[in-house]
Amino acid sequence: MHKESDIRQPLIFGDKSYKQITDDVVKPVFGKANKYWWIVFSLSAIIAVWGVGCIAYTIGTGIGVWGLNSTVGWAWDITNFVWWVGIGHAGTLISAVLLLFRQKWRMAINRSAEAMTIFAVMMAGLFPLMHMGRIWNAHWIMMPFGIFKNQFGTLWVNFNSPLLWDVFAISTYFSVSLVFWYIGLIPDFATIRDRAVKPLQKKIYSILSWGWTGNIKAWVRFEEISLVLAGLATPLVFSVHSIVSMDFATSVIPGWHTTIFPPYFVAGAVFSGFAMVQTLMLTARKVLNLEDYITVKHHEYMNIVIVITGSMVGVAYLSELFIAWYSGVEYETYAFLNRARGPYWWAYLFMMSCNVISPLIFFIKKARRSLIISFIISIVVNIGMWFERFVIIMSTARDYLPSNWDMFHPTFVDIGIFIGTIGIFFTLFLLYARTFPVLALNELKTILKSSGNNYKNGTVINPLIASKPAYANSDDLTKIEGIGPVISGLLNEMGIYTFKQLSLIDPINIKLKLDSQGSRFRTHEPKTWPNQAKMANEQRWDELKKWQDELNGGKAN
């Protein structure tokens, strides 16, 4: 394994051993959920029940309970379908592409991101099924080989239709993502199996782990199949949403009939998917007590991706406007002017504000590293991406014949189903977090010695080795300017008891520890602490006192 640069911030915070990583990751499976988990779960479950009720009402009554009309045949159902498929993209992208590029920061988020893909694609699949009206006949589209017949003879689907391409593309993507996710879980299932005490629990995880032994041969095959599936999933990430975009691009409707849609849709899918991963990870780190593994640095990396993909989406918006103007086709020009100035102008304003303007705040480092701002922007981005799909579908209902023009007005069932799928999605994710390890347990251990907090710079301080009895004569760290009793206790938690240890530690690591404790410590700047500790360790008390006086007087950094 290559050594990581010393100037990089650690990806695993705190003084962790291999056993501690296992304890922390499997704790949600064996332990009791905290109050935050119950609050989020209860809210999600209530919304999910509301959504299931609306779905049952739709199936029992018919899609006439929706706000569809003769002009707007595609409305919230297809808007939501494209939105959920887009969210489902980033999970496999994070795992597959970052695995191929050997990015270590994926270790803390890939498992939950992969689960997000599974749940998001499941939510997306609900909408085309309900849109059929007779959902109990949905199996016909999967049987194009003459098995079922009606009064007109053998039933054949239209293979020329992009709508059928969707069926094959999304089902293939879902299958590969499911296998990729499950294969990665097998070693972790074996770990839970070996720790389980209850007979039923042990039996279930024994079956799920497929007799995993953890020998060299098993790990070699695990690595090989992971790379193969990553290589297979990566082009699928790009192909699936390209095919979804062809539902629109192969039409002759102004505003849809454009070749920019495939890359435009892919960029938007990655954009919204990373935003949802950000939302889930910020939730998971709080409700599962995983702050030491899902760090500020992980969220900063995801925010950087959000800025990049958001900029790509912004360029796509401008390209659409340019193409409409440059084409000289009055219908095409009108389609885009109607989006910005027509009856759905408010939705267009939401789309541009949320997707193009709001991510720009991440160019500011403090905003990029702020968990509160990250959480807000992640939600804002997904609101904006939903409005993007809404604008594309709704505003384009104004086609060549003004006599066909009409407005779409959602019913309570439309709203209930969409909000309900969000509740179902979060309910499934929270249940998953209580039964499966949400972090790649064994993969985290592979980066501990290169990316762990106390392994960087060669200053390994492990309380299991350098325990309190070994430091019976520990130094009074409060003699350092800026360190009080509370911060001294935090340093002790990191395994720092002496001036010598403090003089060797990277100030960045101390800063991260302080930031993780809340806003009251974020004003403390530990840059001078190692140098002060060095002077104190060498008993240069006069020099230290003089320097501290200068610090208090603002004459030194």
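**Overall build, one cavity and two helices**

Of the 557 residues of the protein, 52% count as buried. The model is a predicted one, and it comes out with 21 helices and 2 strands. Contacts reach far along the chain: among those with a separation of 6 or more, 77% join residues 24 or more positions apart. As for the outside, the protein exposes about 26,000 Å², and 66% of that area is down to carbon and sulfur atoms.

Now for the inside. The cavity count, with a floor of 30 Å³, stands at 6. The second largest cavity is the one followed up here, and it holds about 60 Å³ of space. Its lining consists of Tyr 264, Tyr 317, Glu 320, Leu 321, Phe 336, Arg 339, Tyr 348 and Met 351. Sorted by class, that makes 6 nonpolar and 2 charged residues, with no polar ones in the lining. Three helices put in at least two lining residues each, namely α9 (296-327), α10 (330-341) and α11 (345-357). Of these, α9 has the largest share, with 3 residues.

Helix α10 also carries Asn 338. Is Asn 338 buried or exposed? Its relative accessibility is 5%, and buried means under 20%, so Asn 338 counts as buried. Which residues is Asn 338 in contact with, once its neighbours within four places in sequence are left aside? The contacts are with Pro 343, Ser 395 and Arg 398.

Helix α8 covers residues 261-287, and Tyr 264 from the cavity lining falls within that range. How does the span of α8 compare with what 27 residues should give? At 1.5 Å a residue, the helix should span 39 Å, and its end C-alpha atoms are 38 Å apart, so the two values agree. The expected figure takes 1.5 Å times one less than the number of residues. Most of α8 is also covered up, as 25 of its 27 residues are buried. After the helix comes Asn 289, with a positive phi near 55°.

Put side by side, the two helices offer views at two scales. For α10, the detail is a single residue, Asn 338, buried at 5% relative accessibility and in contact with residues including Ser 395 and Arg 398. For α8, the detail is the helix as a whole, with an end-to-end distance of 38 Å and 25 of 27 residues buried.

Key:
Residues numbered from 1 in each chain as written. Predicted model: local features only at pLDDT ≥ 70, side-chain atom pairs only at ≥ 80, totals over all residues. Heavy atoms only, no water. Helix = DSSP H or I, 4+ residues; strand = E, 2+ residues; numbered from the N terminus. Buried < 20%, exposed > 50% of the residue type's maximum accessible area, 1.4 Å probe, protein only. Contact = heavy atoms within 4.5 Å. Areas by Shrake-Rupley, 256 points an atom, 1.4 Å probe, with all protein chains shown as cover. 1 Å grid on protein atoms, 1.4 Å probe; cavity = no way out; pocket = protein on both sides within 12 Å on 5 of 7 lines; lining within 4 Å. Points joined across faces, edges and corners; volume = space filled by probe spheres on them. Nonpolar A, V, L, I, M, F, W, Y, C, P; charged D, E, K, R; others polar.
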